[in-house]
Amino acid sequence: MSKTFNVIAFQMGWFACIFAAARGHPELAVAASLAVVAVHLWRAADARAELKLAVAAALLGALFENSLALAGWTGFGSGVLIAGTAPLWMVAQWMMFATTLNLGLAWLKPRLGLAALLGAIGAPLSYTAGERLGAIRILDPHAALTALALGWAVLAPL
């Protein structure tokens with residue numbers, strides 16, 4: 001799969017997921033993310049390794065997103081199965097993000113400091129965009145954005 005196609009697929013999937021979740025259709029948000037993952041796996045040279053990476057990202061993402069939600073720093077308008085936790089569509093986005101790690105973002109592998117910096121800047125911007133589009137609520141901006149920046153500064157190189 002080309003790096004360009006990978007980045008475009010991720011961005012299209014992100015917007016589709018956010019718009020669907022914001023409009024009260026969490027099932028479509030999950031479907032959008034998983035469609036990107038499915039196409040990625042279908043085209044991947046080593047689908048098994050990519051699937052393992054996507055599942056690991058989902059587990060890590062669930063832990064991170066649930067921590068933010070349980071702390072009361074973020075909230076979601078649709079798709080929450082258990083009050084105070086993150087919805088499935090948010091975890092599916094982590095799987096979708098994992099599809100970029102060996103293609104579109106592979107250039108960051110030898111540049112871990114830059115990956116940390118981009119994670120610290122990009123995650124708060126992405127979550128803020130998600131809030132403005134109506135998919136997520138940042139309930140405690142200072143705490144949430146700080147946690148996002150610090151968390152992604154560690155998670156991006158990981």
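What radius of gyration would a compact globule of 158 residues have, and what does the protein chain have? For 158 residues the globule value would be near 15 Å, and the protein chain comes out at 15 Å, so the two agree. This is a predicted model, and the values here are computed from it. Along its principal axes, the C-alpha trace covers about 40 × 35 × 25 Å.

As for what fills that volume, the protein chain has six helices and two strands, arranged along the sequence as α-α-α-β-α-α-β-α. Buried residues account for 43% of the 158. Among contacts with a separation of 6 or more, 70% link residues 24 or more positions apart. On the outside, the accessible surface is about 8,100 Å², with 72% of it belonging to carbon and sulfur atoms. Turning to charge, the chain carries 9 positive and 6 negative charges, and the mean positions of the two sets lie 9 Å apart.

Helix α5 is worth a look of its own. It runs over residues 112–132, and its 21 residues at 1.5 Å each should span 30 Å; the end C-alpha atoms sit 30 Å apart, so expectation and model agree. Its buried residues are Ala115, Ala116, Gly119, Ala123, Pro124, Tyr127 and Gly130. The cover over these buried residues of α5 includes four helices, α1 (3–22), α3 (47–70), α4 (88–98) and α6 (141–155), along with strand β2 (136–138). After α5 comes glycine 134, with a positive phi near 95°.

How values were computed. Residues are numbered from 1 along each chain as its sequence is written. This is a predicted model: local features need pLDDT of at least 70, side-chain atom pairs count only at pLDDT 80 or more; totals for chains, interfaces and linings use all residues. Side-chain values use heavy atoms; hydrogens and water are left out. The radius of gyration is taken over C-alpha atoms; the globule rule is 2.2 Å times the number of residues to the power 0.38. Buried means under 20% relative accessible area, exposed over 50%, partly exposed in between (1.4 Å probe, protein chains only). Contact means heavy atoms within 4.5 Å. Accessible areas come from the Shrake-Rupley method with a 1.4 Å probe; for residues, only the protein chains shown count as cover. Lys and Arg count as positive and Asp and Glu as negative; His and the chain ends are not counted. The place of a charge is taken as NZ of Lys, CZ of Arg, CG of Asp or CD of Glu. The expected span of a helix is 1.5 Å times one less than its number of residues.
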